[in-house]
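Thanks for coming. I will go through one model this morning, starting from single residues and ending with the whole chain.

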Amino acid sequence: MKEKKIDRRVLRTKRMLKENLLLLLKDHPIQKISVSRLCEASDINRSTFYTYYSSTMDLLESIEDEILDTLEEDLKQFNKENSISQLMSSIIDYIGDHKELIRLLFSSHGDPGFLNKLIAASQKWTMPLLQSKYPDYSAWQLNALHTYIVGGCIAIIEQWIIQGFQQSEKEISHLLENLSYSTAYGFLKRNL
């Protein structure tokens, strides 16, 4: 079976739309960015836009999906190797390589539901591992532990972003690793 060849013009158009949406997000919340405004900034007509996306929010969600796909790959690797150090390094390295994108997505101009998508994606991959590794704990307890740790990690990452990435990627990665490990260890040891 032949693999479908992707048209470079399509890729270029999608990339241009994504780049211009991100530029507009610097000054306007996603809810205030119209398809007309985005098409004008991208120098394309609306019918071209609607060939690929149904709305500006749909385009933003496609950007978010790319990030979630990367996170999913990191979580799959974590499930294989069970290395929280590697997981945190991968996530923080990605953020470091895409600072402006992440800053916009975490801002008030981005999708307010994005953080919930991050938590749900991480639960999908880490809960089965936790349940198999700690069968004496209920799914509710492990889910609470997971939510607590991920919520804390997201809050620290948000603070790092807001403060302009003052700490190095290595410092943040190490901090998240230590806090996650200490929290999990303390909870699991105390509740055995």
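**Residues, rings and helix contacts**

Leaving aside its neighbours within four places in sequence, E61 is in contact with D111 and K117. Before I go on: this is a predicted model, and every value I quote is computed from it.

Staying with E61, the residue is found in helix 4, which covers residues 56–81. Is E61 buried, partly exposed or exposed? Its relative accessible area is 29%, so E61 is partly exposed. For a distance across the model, take E61 and W125: they are 64 residues apart along the chain, and their C-alpha atoms are separated by 20 Å.

The second residue is A41, in helix 2, residues 35–42. A41 has 41% relative accessibility and therefore counts as partly exposed. Not counting residues up to four places away in sequence, A41 touches N20 and L24. How far apart in space are A41 and K76, C-alpha to C-alpha? The answer is 38 Å, for a pair 35 residues apart in sequence.

The third residue is S180, which lies in helix 9. S180 has 2% relative accessibility, and because the cut-off for buried is under 20%, S180 counts as buried. With residues up to four places away in sequence not counted, S180 touches I84, M88, I149 and C153.

Now the rings. How many aromatic pairs does the structure hold? There are 8 aromatic pairs in the structure. One of them joins F49 and Y53: the ring centres are 5.8 Å apart and the planes stand at 45°, so this pair is tilted. Both partners are buried, F49 at 0% relative accessibility and Y53 with a relative accessible area of 7%. Another aromatic pair is formed by Y181 and Y185, with 6.0 Å centre to centre and 15° between the planes, and this one is stacked. Y181 and Y185 both lie in helix 9, residues 169–190, and are 4 residues apart, about one turn of the helix. On accessibility, Y181 is exposed, with a relative accessible area of 52%, whereas Y185 counts as partly exposed at 45%. Going back to F49 and Y53, they belong to one aromatic cluster together with Y50 and Y52.

Next, helix packing. Two packed helices are described by the angle between their axes and the distance between the axes. I have two cases, and helix 8 takes part in each of them.

The first case is helix 7, residues 114–133, against helix 8, residues 139–162. What is the angle at which helix 7 and helix 8 pack? It is about 135°, with the axes 10 Å apart. Helix 7 and helix 8 are therefore oblique to each other. The crossing of helix 7 and helix 8 is right-handed. On the helix 7 side, the contact is made by L115, L118, I119, S122, Q123, T126, M127, L130 and Q131. Helix 8 contributes A139, L142, N143, H146, T147, V150, I154 and E158. By class, the residues of this contact of helix 7 with helix 8 divide into 9 nonpolar, 7 polar and 1 charged.

The second case is helix 6, residues 99–106, against helix 8. The axes of helix 6 and helix 8 come within 10 Å and cross at roughly 115°. Why are helix 6 and helix 8 called roughly perpendicular? Because angles of 65 to 115 degrees count as roughly perpendicular, helix 6 and helix 8 get that label. Helix 6 passes helix 8 in a left-handed crossing. The residues that meet are I102, R103 and F106 in helix 6 and I154, I157, E158 and I161 in helix 8. The contact of helix 6 with helix 8 has 5 nonpolar residues, no polar ones and 2 charged ones. I154 and E158 of helix 8 are listed for the contact with helix 7 and also for the contact with helix 6.

Last, the whole chain. The secondary structure comes to 9 helices and 0 strands, so from the N terminus on the elements run α-α-α-α-α-α-α-α-α. Along the principal axes, the C-alpha atoms fill a box of roughly 60 × 50 × 30 Å. What share of the 192 residues is buried? Buried residues make up 38% of them. Among contacts with a separation of 6 or more, residues 24 or more positions apart account for 65%.

Conventions: Residues are numbered from 1 along each chain as its sequence is written. This is a predicted model: local features need pLDDT of at least 70, side-chain atom pairs count only at pLDDT 80 or more; totals for chains, interfaces and linings use all residues. Side-chain values use heavy atoms; hydrogens and water are left out. Axes are lines fitted to C-alpha atoms, for helices over the stretch in contact, and angles run from 0 to 180 degrees between N-to-C directions. Angles under 35 degrees count as roughly parallel, over 145 as roughly antiparallel, 65 to 115 as roughly perpendicular and the rest as oblique. A crossing is left-handed if the near helix is turned anticlockwise from the far one by less than a right angle, and right-handed if clockwise. Contact means heavy atoms within 4.5 Å. Ala, Val, Leu, Ile, Met, Phe, Trp, Tyr, Cys and Pro count as nonpolar, Asp, Glu, Lys and Arg as charged, and the others, Gly among them, as polar. Rings of Phe, Tyr and Trp (its six-membered ring) pair if their centres lie within 6.5 Å; planes under 30 degrees apart count as stacked, over 60 as edge-to-face and the rest as tilted. Buried means under 20% relative accessible area, exposed over 50%, partly exposed in between (1.4 Å probe, protein chains only).
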